[in-house]
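Q: I have a new structure open and I'm not sure how to read it. Could you walk me through it, feature by feature?

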Amino acid sequence: MPTAVEATGLSKSHGSVRVLDALDLRVAEGSVFALLGPNGAGKTTTVRILATLTAPDAGHARVAGHDVVAERSPVRRAISLTGQFAAVDETQTGAENLRTVARLSGLSRPAAARRAAELLERFRLVDAGDRLTRTYSGGMRRRLDLAAGLVRDPGTTRVMFLDEPTTGLDPRSRQELWDAVRELSAAGATVFLTTQYLEEADRLADRITVLGKGRTLATGTPAELKSRYAGHRLDLVARDREGYLRLTSAAAPVTTAPETLTLGVPTDGSAAHVCDLLDLLDPERRDIARFALHTATLDDVFLALTDTAPLPANDKETSRV
């Protein structure tokens with residue numbers, strides 16, 4: 001597929017701390033891509049380089065077909081960026097904030113007014129649209145900031161960067177943003193998302209890259225990553241301490257919790273394999289009190305990949321193009 005974002009060998013240091021270490025990325029046009037990693041893994045620095053706000057120390061990157069260092073202006077015309085923290089003008093109302101951003105993005109005055117009204121409606125800010133934003137709650141400010149990031153017509157925004165966009169949002173507001181992301185992707189825009197909410201990446205992303213110490217630890221679809229790094233697990237609860245010891249001796253468990261007499265053993269998740277495991281580990285039906293099949297999640301993938309990787313200092317910085 002055509003590529004919307006491509007990076008090769010991106011490296012960046014802050015003083016003696018190497019934040020990115022020869023990072024490679026490839027994001028297909030029209031897809032939703034999620035970049036995951038612990039705080040300090042290099043997510044925000046990656047976004048800032050791709051959005052032309054920071055120059056890499058080494059490596060190359062192209063966004064919407066343009067070099068992010070040599071062709072900054074064309075890149076900026078093709079992208080939108082929403083940072084980690086709300087960046088609104090407190091001296092303006094919510095509607096004025098949106099109209100201002102729309103005008104700066106090239107919309108005519110009537111088009112800017114229409115777009116502002118649409119976004120106020122989408123993000124449930126109509127009643128507060130004529131209030132100064134200094135009176136907004138934290139959640140309202142975040143929703144307004146996200147609305148400003150969506151001001152451009154999806155047809156003219158080829159790549160949208162969302163850097164931890166739902167931090168601090170309530171569940172309903174988060175769902176509204178997810179719907180907006182899906183609409184953008186359906187309209188042909190590429191969405192580049194960083195998030196600390198693994199459920200968010202699982203629901204939205206076509207492909208995911210997990211970062212650690214500025215390097216790619218893994219990449220693939222959510223299903224591929226869960227199959228490759230986590231799989232399914234059968235959690236067994238023993239009837240008593242003696243049964244727990246017999247089970248752990250026979251099972252080679254991947255997880256253990258002696259305090260609750262619980263152990264986890266790997267399985268492919270099929271009914272046949274679960275039955276075979278139960279028969280093998282407890283043929284006399286005396287040791288297992290109950291069991292549960294644990295389906296792999298991105299949390300499992302994240303922990304499996306990042307638990308052993310101490311990371312450099314936090315790289316959080318924010319801006320909007």
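## Reading the model, step by step

A: Happy to. The secondary structure of this protein adds up to eleven helices and 14 strands. Keep in mind that this is a predicted model.

Q: What does the C-alpha trace span along its principal axes?
A: About 80 × 45 × 35 Å.

Q: What share of the residues counts as buried?
A: Of the 321 residues, 49% count as buried.

Q: And among contacts between residues at least 6 apart in sequence, what share joins residues at least 24 apart?
A: That share is 69%.

Q: Let's go to the start of the chain. How do strands E1 and E2 run, parallel or antiparallel?
A: Antiparallel: E1 (residues 3-14) and E2 (residues 17-28) are joined by eight bridges. You can pick out one pair by eye, since histidine 14 has valine 17 of E2 as its bridge partner. Two residues sit between the strands of this hairpin, and glycine 15 takes a positive phi near 65° there.

Q: How should I read the sign of phi?
A: Here's the general idea: most residues other than glycine have a negative phi. In this model, alanine 22 goes the other way, with a positive phi near 55°. Alanine 22 sits in strand E2. Lysine 213 also has a positive phi near 55°, and you'll find lysine 213 in the loop between strand E9 (207-212) and strand E10 (215-220).

Q: Is alanine 22 buried or exposed, or in between?
A: In between: its relative accessibility is 45%, so alanine 22 counts as partly exposed. Lysine 213 counts as partly exposed because its value is 37%.

Q: Next up, strand E8. Which strands pair with E8, and in what sense?
A: E3 pairs with E8 in the parallel sense over four bridges. E7 pairs with E8 in the parallel sense too, over five bridges. To find your place on screen, look for alanine 34 opposite leucine 193 in E8, then for valine 159 opposite threonine 190 in E8.

Q: Which way do the residues of E8 point?
A: Thr190, Phe192 and Thr194 point one way, while Val191 and Leu193 point the other way. Whichever way they point, all of them are buried. Put as a count, five of the five residues of E8 are buried.

Q: Where is proline 38, and why does it count as buried?
A: Proline 38 is in the loop between strand E3 (32-36) and helix H1 (43-50). Its relative accessibility is 17%, and the cut-off for buried is under 20%, so proline 38 counts as buried. The C-alpha atoms of proline 38 and threonine 190 are 23 Å apart, with their positions 152 residues apart along the chain.

Q: How do I read a nonpolar core?
A: In soluble globular proteins, nonpolar side chains tend to be buried together. In this protein, the largest nonpolar core has 34 residues, and Leu98, Leu119, Phe123, Leu125, Leu150 and Val181 have the most contacts inside it. Helices H3 (94-104), H4 (109-122), H5 (138-149) and H6 (171-186), along with strands E7 (159-163) and E8 (190-194), each supply at least two residues of this core. Apart from this core lies another, of 27 residues, with Ala7, Leu20, Ala51 and Ala64 among them.

Q: What does valine 181 touch, not counting residues up to four places away in sequence?
A: Valine 181 touches Val32, Leu162, Val191 and Leu204.

Q: How do people go looking for pockets?
A: Rolling a probe the size of a water molecule over the atoms shows where empty space is left. Take the second largest pocket here: its volume is about 200 Å³. Its lining has 14 residues, and Tyr229, Ala230, Arg233, Asp300 and Ala304 lie nearest its centre. Strand E11 (232-238) and helix H11 (298-306) are the elements that give two or more residues to this lining, and H11 gives the most, with three. By class, the lining of this pocket has seven nonpolar, four polar and three charged residues.

Q: Let's finish in helix H11. Why does leucine 298 count as buried?
A: Leucine 298 belongs to helix H11, and it counts as buried because its relative accessibility is 3%. Leaving aside neighbours within four places in sequence, leucine 298 is in contact with Leu198, Ala201, Asp202, Ile208, Pro222 and Lys226.

Technical notes: Residues are numbered from 1 along each chain as its sequence is written. This is a predicted model: local features need pLDDT of at least 70, side-chain atom pairs count only at pLDDT 80 or more; totals for chains, interfaces and linings use all residues. Side-chain values use heavy atoms; hydrogens and water are left out. Two strands pair if DSSP finds at least two bridges between them. On a 1 Å grid over the protein atoms alone, a cavity is a set of points where a 1.4 Å probe fits but cannot get out, and a pocket is an open set with protein on both sides within 12 Å along at least five of seven lines; lining residues have an atom within 4 Å of a point. Grid points are joined across faces, edges and corners, and a volume is the space filled by probe spheres set on the points. Ala, Val, Leu, Ile, Met, Phe, Trp, Tyr, Cys and Pro count as nonpolar, Asp, Glu, Lys and Arg as charged, and the others, Gly among them, as polar. Buried means under 20% relative accessible area, exposed over 50%, partly exposed in between (1.4 Å probe, protein chains only). Contact means heavy atoms within 4.5 Å. A nonpolar core is a set of buried Ala, Val, Leu, Ile, Met, Phe, Trp, Tyr and Cys residues joined through side-chain atoms within 4.5 Å.
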